[in-house]
2 protein chains.
Amino acid sequence: MKTLIKEPLTRNAKNTFNMIIESAIDLFYKNGYHGTTVNNITQDAGIAAGTFYLYFPSKLSLYKHILIMFSHNIRKTIAANVSEKTSRYEKEREGIKSFIMLAKENPQMYNIIWESLYIDRALFKDYYESFANRYIRGLDQSVSNKEIREIDTEVVSYILMGITNFIGLKVVLNLGKNNDDIDHIVDVVMDLIKHGLFT
Amino acid sequence: MKTLIKEPLTRNAKNTFNMIIESAIDLFYKNGYHGTTVNNITQDAGIAAGTFYLYFPSKLSLYKHILIMFSHNIRKTIAANVSEKTSRYEKEREGIKSFIMLAKENPQMYNIIWESLYIDRALFKDYYESFANRYIRGLDQSVSNKEIREIDTEVVSYILMGITNFIGLKVVLNLGKNNDDIDHIVDVVMDLIKHGLFT
DNA sequence: TCATAAACTGAATGACCATTCATTTTATAT
DNA sequence: ATATAAAATGAATGGTCATTCAGTTTATGA
C-alpha cells in the first residue's frame, strides 16, 4: 500500500493538514463519503483544491487516515477508563459507558467507522476482529478469575459489541425516546447482563 | 414522493422487472450502491440501459424498492416462525435464530439494509424505529405476563437488536471462528440472556 | 540579502455515469 | 390480418468530480 499521507513539515503546513482533516470529518459525517467531494473539503478548509494533494495521495487515503485516528482514539480512551476499575463488572460498565459517551460526543466517529463496510470491506473486518480479539482476551482472563461464568467468550464479545453499538446508535441518531439519561441506559444494560431478561 | 416503480404489465415485462432486481441485489452487495452503475445492472440483467427506466424512475428508487422488499420479507419470516412458539423464552430464541439464518442465506439483505444509513438516513431510522416498536410491544406483553422482569423495554429492544445484528454480522462476514454452528451460537446468546454473564 | 525548498494556487483535464429519447420490435385483441 | 399499446433499444447528452500541473508565493537559513 502507498503511504497514506505525506507529513507536513512546517507549523503552517501542520495547520493546513489539520484543517483538511477537520473539514473532512465534518463533511463525511454530514453527507457521507460519496456525498463529499474533494472540492467540498478544500473549500470548507479554505484552501485550494491542489493543496489537498500535497498531503494526501487520494480521497480514499484521507478516509483511511481518519479511520485509523478514530480507532486509536477509541481504544486509548476506553482502555484508560477501564484500567481504573478493578472488578469485571465495573470494567464492563465503564467500557460500555465510555463508548457511548464517546459516540455521543463524536457522532462523526460512529458513522465514519460503520461506513467503512461500504468503502473498504477489509478495513471494516480488520477493525472489528481486532477489537473483538482484545475483548476476548479480557473476558478469558475474567473467566480464569471466576468473575465470569464458563462461556464461549468469542460469541460473548460480539454480543457485547452488538449491545454497545446499537445502544450507541440509538443515542447518536436519537432513535426512540429517552436518549439523554446515559446512566439510566447503562444501568438497564448492566441489569440485563447481570440478572438476565426473564423472571 | 414520486412512485417508486412502474408496475410491469405483461408476463415478459414482469420477468425483465425481476431480472433488474436480482442483478441489482447481487451487484449492490458485491460493489455497494455507489460502486454499482445503472449500466452494470442492465448489462448483468441482459437488457438495454433505457429499459431500466421503464420500471424505475431512478437508481435510488430501485434501491428503496429493494429495501422495502427485504423489510417485508424479514418481518413476515420472523413473525411466522415466532408465532409458532408459546413461551417468551422460545419466542426470543426463535426470533434470534430466524434472523441469523435469514442473514446467512441472504447476506445481500444484511449489507443493503445497513447501507441505507449512508444513502438515506431517514430510511434507516424508520427501519429500525419501526422494528423496535414491534419488539417493544411484544416485550411489554411479556412483562404483563410476568414472563419478563420489570425493565425498560425500549432499551432492551435495542440491546436485543444489537446482539442479533452483530452476531449476524459475525456469521455473514465470517468474523473470528466457528461461524457454522448456528445452534451453538444461539445457545450462547440464550444462555447469557437467561443467566447473565457473571458468576 | 539572496538562494532554495516548501507551500500553495486554481483552472484545466479526462474519465465516469445517470438519464433521455427517437426509433424499432413484440405482443395482444378484435 | 391489422391496429394499437407495451416493451425494448442504445447512442447521445450533460453534469459531476478526482486529480494534475505549470506557475506563484512564502518561509528559512546562511
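Biologist: How many salt bridges does the rule find across the interface of chain B and chain A?

Modeller: Heads-up, this is a predicted model: local features need pLDDT of at least 70, side-chain atom pairs count only at pLDDT 80 or more, totals for chains, interfaces and linings use all residues, and side-chain values use heavy atoms, leaving out hydrogens and water. Residues are numbered from 1 along each chain as its sequence is written, with chains lettered from A and ligands numbered from 1 in the order in which they are written. Asp191(A) and Arg149(B) pair up at 3.3 Å, N to O, inside the cut-off (Lys or Arg side-chain nitrogen within 4 Å of an Asp or Glu carboxyl oxygen). Across the interface of chain B and chain A, the count is four.

Biologist: Which three residues supply the most of the area that chain B buries against chain A?

Modeller: Between the chains, about 5600 Å² is buried, 70% of it from carbon and sulfur atoms; that's accessible area (1.4 Å probe) lost on being put together, summed over both parts. Of chain B's area, 15% comes from the top trio: Tyr118(B), Phe166(B) and Phe198(B).

Biologist: Which residues of chain B does Trp114(A) contact?

Modeller: Contact here is heavy atoms within 4.5 Å. Leaving aside neighbours within four places in sequence, Trp114(A) contacts residues of chain A including Phe124(A) and Leu169(A). On the chain B side, the partners of Trp114(A) are Trp114(B), Leu117(B), Tyr118(B), Phe124(B) and Phe166(B).

Biologist: And how many residues of chain B are in contact with chain A?

Modeller: Chain A puts 55 residues into that contact. For chain B, the number is 56.

Definitions and conventions
Buried area is the accessible area (1.4 Å probe) that two parts lose on being put together, summed over both.
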